[in-house]
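Visitor: Could you take me through the salt bridges of this protein, pair by pair? I would like to see where the partners sit and how open they are to the surface.

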Amino acid sequence: MKEKALFEIVESKQLPLGNALLKLRPCNGLLPDIEGGQFVNIMVPDTPGAFLRRPISVCNVSDGLLWLYIKGAGKGTKHLCAMQTGEKLDIVLPLGNGFSEPENKEDDILLIGGGVGIAPLLYWGSILKNKGYKPRFLLGGATADNLQLLDEFASMGEVFLTTDDGSQGVRGTVMAHPVLESSADKIYCCGPTPMMKAVARFAAEHSIDCEVSLENRMACGIGACLCCVEDTADGHKCVCSWGPVFNVKELKWV
């Protein structure tokens with residue numbers, strides 16, 4: 001059940017390319033249950049012109065702290081990335097519907113992420129590991145600087161990397177990595193839409209069950225404003241309330 005709560009930043013880690021990892025503690029001491037793949041909506045403080053809350057994927061939940069991996073893209077997110085320890089944020093959470101659990105503990109599970117889209121995969125990977133699964137990660141970025149939180153991912157499972165310029169891992173997009181030649185029973189994916197569509201086509205061609213976390217532009221986060229609508233096999237659906245996670249069979253991608 002979603003709620004509005006005040007959180008205090010207990011750690012603000014600045015990352016390359018203007019990104020940041022914020023770790024936050026609920027001021028009331030109570031962190032609600034959060035599914036892997038859900039997101040939060042943050043009020044940006046003291047920023048004229050940033051009227052709307054910013055939707056941010058839950059990157060992890062650990063030791064009672066909420067982790068948020070944020071890309072400093074616009075006025076609002078740049079302000080969030082620059083915030084320091086001790087500052088507070090007004091957050092609505094948890095929002096949306098998350099990933100579904102694989103059918104069998106023996107399933108070969110591959111989590112594929114690109115850019116800031118890696119965020120929900122870290123938390124989902126930790127949940128899978130704690131449930132006895134053995135997730136593997138395929139992460140891609142434009143350059144080595146785009147590949148962030150690698151130590152955190154490595155603690156959850158085997159990690160494979162690609163970069164467009166070949167500065168780390170295999171040169172090319174995630175679709176160029178030979179790990180895709182191995183069998184997989186389930187794929188979870190989040191990142192740029194062209195990447196997710198390529199992964200969806202690959203999954204369909206190889207009869208692999210695949211779920212993607214969409215990153216449509218959002219405003220309200222609760223399905224009222226209709227600005228994040230996706231055209232699905234069952235009609236138009238708000239990504240914030242029906243998703244952000246969809247099975248690719250529900251989408252008109254393949």
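Guide: Happy to; here is a walk through the charged pairs, with a little of the chain around them. Please keep in mind that this is a predicted model.

Let us begin with the setting. The protein chain folds into five helices and 16 strands. Its radius of gyration is 17 Å, close to the 18 Å that the globule rule gives for 254 residues, so the chain is as compact as a globular protein of that length. Of those 254 residues, 52% are buried. As for charge, the chain carries 24 positive and 30 negative charges, and the mean positions of the two sets lie 5 Å apart.

Now to your pairs. Searching the whole structure turns up ten salt bridges. One of them joins Lys23 to Glu11, with 3.7 Å between the closest N and O atoms. Lys23 belongs to strand E2 (residues 20-26) and Glu11 to strand E1 (residues 3-14), so this pair ties together parts that are twelve residues apart in sequence. The partners sit in unlike surroundings: Lys23 is buried, at a relative accessible area of 15%, while Glu11 is partly exposed, at 33%. The cut-off that matters here is 20%, because a residue counts as buried under that value.

A second pair to look at is Arg136 with Asp108, whose side chains meet in a salt bridge at 2.9 Å, N to O. This bridge links distant parts of the chain, 28 residues apart: Arg136 is in strand E9 (residues 136-141), and Asp108 is in the loop between strand E7 (88-95) and strand E8 (109-114). Here, too, the positive partner is the buried one: Arg136 has a relative accessibility of 14% and counts as buried, whereas Asp108, at 21%, counts as partly exposed.

The pair Lys105 and Glu101 gives another picture. Their side chains form a salt bridge with an N to O distance of 3.9 Å. Lys105 is partly exposed, with 40% relative accessibility, and Glu101 is partly exposed as well, with 37%.

Finally, some charged side chains do not stop at a simple pair. Lys4, Arg53 and Asp90 are linked in a network of salt bridges.

If you step back to the whole chain, sequence separation comes up again in its contacts: of those between residues at least 6 apart in sequence, 61% join residues at least 24 apart. As for the outside, the accessible surface comes to about 11,500 Å², and 50% of it belongs to carbon and sulfur atoms.

Key
Residues are numbered from 1 along each chain as its sequence is written. This is a predicted model: local features need pLDDT of at least 70, side-chain atom pairs count only at pLDDT 80 or more; totals for chains, interfaces and linings use all residues. Side-chain values use heavy atoms; hydrogens and water are left out. Helices (H or I, at least four residues) and strands (E, at least two) are DSSP runs, numbered from the N terminus. The radius of gyration is taken over C-alpha atoms; the globule rule is 2.2 Å times the number of residues to the power 0.38. Buried means under 20% relative accessible area, exposed over 50%, partly exposed in between (1.4 Å probe, protein chains only). Contact means heavy atoms within 4.5 Å. Accessible areas come from the Shrake-Rupley method with a 1.4 Å probe; for residues, only the protein chains shown count as cover. Lys and Arg count as positive and Asp and Glu as negative; His and the chain ends are not counted. The place of a charge is taken as NZ of Lys, CZ of Arg, CG of Asp or CD of Glu. A salt bridge is a side-chain nitrogen of Lys or Arg within 4 Å of a carboxyl oxygen of Asp or Glu.
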